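Trainee: Got a minute to walk through this one with me? I'd like to start with the pockets.
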Amino acid sequence: MTDRELFDLFCTCFPHDSPEYISEVINKVAAPDITLTQPGAAVLVPRFNLSNGQSFGYVYCLCTAPEHRGKGLMSRLLSLAEELCAARGDSFVALVPASPELGLTYGRRGYRPVGFRKTGGVLSPTLPGRRATERDIPALNRFYEEEFGNTVHVRRDEKLWKTLMALYSADGGGIFLSDGGYLFAEAAEGGLVIREKAGTPLPDRAAFALPAAAGTPHVLAKGNICPGLELNLLFD
């Protein structure tokens, strides 16, 4: 599948994502070694390193074109993704169900809820501070590690920070840095939705707190899942 075909497929299957965002996904995430395809279907399986030394594979952008649905392609791609993760030594595979119904489908394949840091938060027309640049990555990572350091969490190297900057800046969001911390925001109708915070970027810290979520499972995983895991994913 060519980059153009993958772009068209993602635009069809993910209509709520902007073309600019999808272009950055193709450019920054969809490397050949993590992109699995079938006719009319695709999935990306990036690898994330954890603070305890483990790694996991993330099933991202799993989709099938409408005219190819009902042929078992999603199941086939998920099996291929699991095989890829096992071959490269990942401890487990994680995904975010697009609906409760899909969550039940994954559950029948052995996927179970894991701890996660809630994404989604306050909608704001503007954010304080300045837009962060690549030069700010050391400062961003310091705030990040201080915020997430007490849990088993995703390690962010320079490449991952750059990828996240590119993805969320593509349609008007991004990282906004102040002396006390940062806010990671996604563009939405009416302003910016805060997806992650670290440090105290605002005097009123509680106004932008993103508490750990409860209730309906948001992240499912299969494999050797370590105790104390709290997945902080911004790719979902």
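Mentor: Sure. A definition comes before the pockets: a pocket is an open set of grid points with protein on both sides within 12 Å along at least five of seven lines, and lining residues have an atom within 4 Å of a point. Keep in mind that this is a predicted model.

Trainee: Fine. Which residues lie nearest the centre of the second largest pocket?

Mentor: P46, R47, F48, K159 and L160. The lining of that pocket has 17 residues. Two elements, β3 (47–49) and α6 (158–169), each give two or more of them.

Trainee: How does that lining divide into nonpolar, polar and charged?

Mentor: Seven nonpolar, two polar and eight charged. The second largest pocket holds about 490 Å³ of space.

Trainee: And what volume does the largest pocket have?

Mentor: About 910 Å³. Its lining takes in 30 residues, and F14, L62, V96, A98 and D236 lie nearest the centre. The elements giving two or more residues are α1 (3–13), α2 (19–28), β4 (55–64) and α4 (100–108).

Trainee: Which element gives the most?

Mentor: β4, with seven residues. By class, the largest pocket's lining has 22 nonpolar, three polar and five charged residues.

Trainee: Now closed spaces. How many cavities of 30 Å³ or more are there?

Mentor: Two. The largest cavity holds about 60 Å³.

Trainee: What lines the largest cavity?

Mentor: F48, V154, R156, L160, L164, N232, L233, L234 and F235. That makes seven nonpolar, one polar and one charged by class. Two of these names came up before: F48 and L160 also lie nearest the centre of the second largest pocket.

Trainee: Back to R47, then. What does R47 form with D90?

Mentor: A salt bridge, with the closest N and O atoms 2.6 Å apart. The pair links distant parts of the chain. D90 is in the loop between α3 (73–87) and β5 (92–95), R47 is in strand β3, and they are 43 residues apart.

Trainee: Why can such side chains pair?

Mentor: Side chains of opposite charge can pair when their charged atoms come close.

Trainee: How many salt bridges in the whole structure?

Mentor: The search finds twelve.

Trainee: Switching to the sheet. What is the strand order in the open sheet of five strands?

Mentor: β7-β11-β10-β9-β8, with antiparallel pairing. β7 (123–124) and β8 (130–131) are the edge strands. Each has a single partner strand, so one side of each has no neighbour in the sheet.

Trainee: How many bridges join β9 and β10?

Mentor: Five, in the antiparallel sense, between β9 (residues 174–178) and β10 (residues 181–188). S178 stands opposite G181 in β10.

Trainee: Which strands does helix α5 touch?

Mentor: Helix α5 (residues 137–148) packs on the sheet and touches β9, β10 and β11 (191–199). Its direction makes about 75° with that of β11.

Trainee: And α6, which strands does that touch?

Mentor: α6 packs on the sheet too, touching β8, β9, β10 and β11. The direction of α6 makes about 40° with that of β10.

Trainee: Last topic: where is T151?

Mentor: In the loop between α5 and α6.

Trainee: What is T151 in contact with, leaving aside its neighbours within four places in sequence?

Mentor: S51, G228 and E230. The C-alpha atoms of T151 and G228 are separated by 6.2 Å, with their places 77 residues apart along the chain.

Technical notes:
Residues numbered from 1 in each chain as written. Predicted model: local features only at pLDDT ≥ 70, side-chain atom pairs only at ≥ 80, totals over all residues. Heavy atoms only, no water. 1 Å grid on protein atoms, 1.4 Å probe; cavity = no way out; pocket = protein on both sides within 12 Å on 5 of 7 lines; lining within 4 Å. Points joined across faces, edges and corners; volume = space filled by probe spheres on them. Helix = DSSP H or I, 4+ residues; strand = E, 2+ residues; numbered from the N terminus. Nonpolar A, V, L, I, M, F, W, Y, C, P; charged D, E, K, R; others polar. Pairing = 2+ DSSP bridges. Contact = heavy atoms within 4.5 Å. Axes fitted to C-alpha atoms, helices over the stretch in contact; angles between N-to-C directions. Salt bridge = Lys/Arg side-chain N within 4 Å of Asp/Glu carboxyl O.
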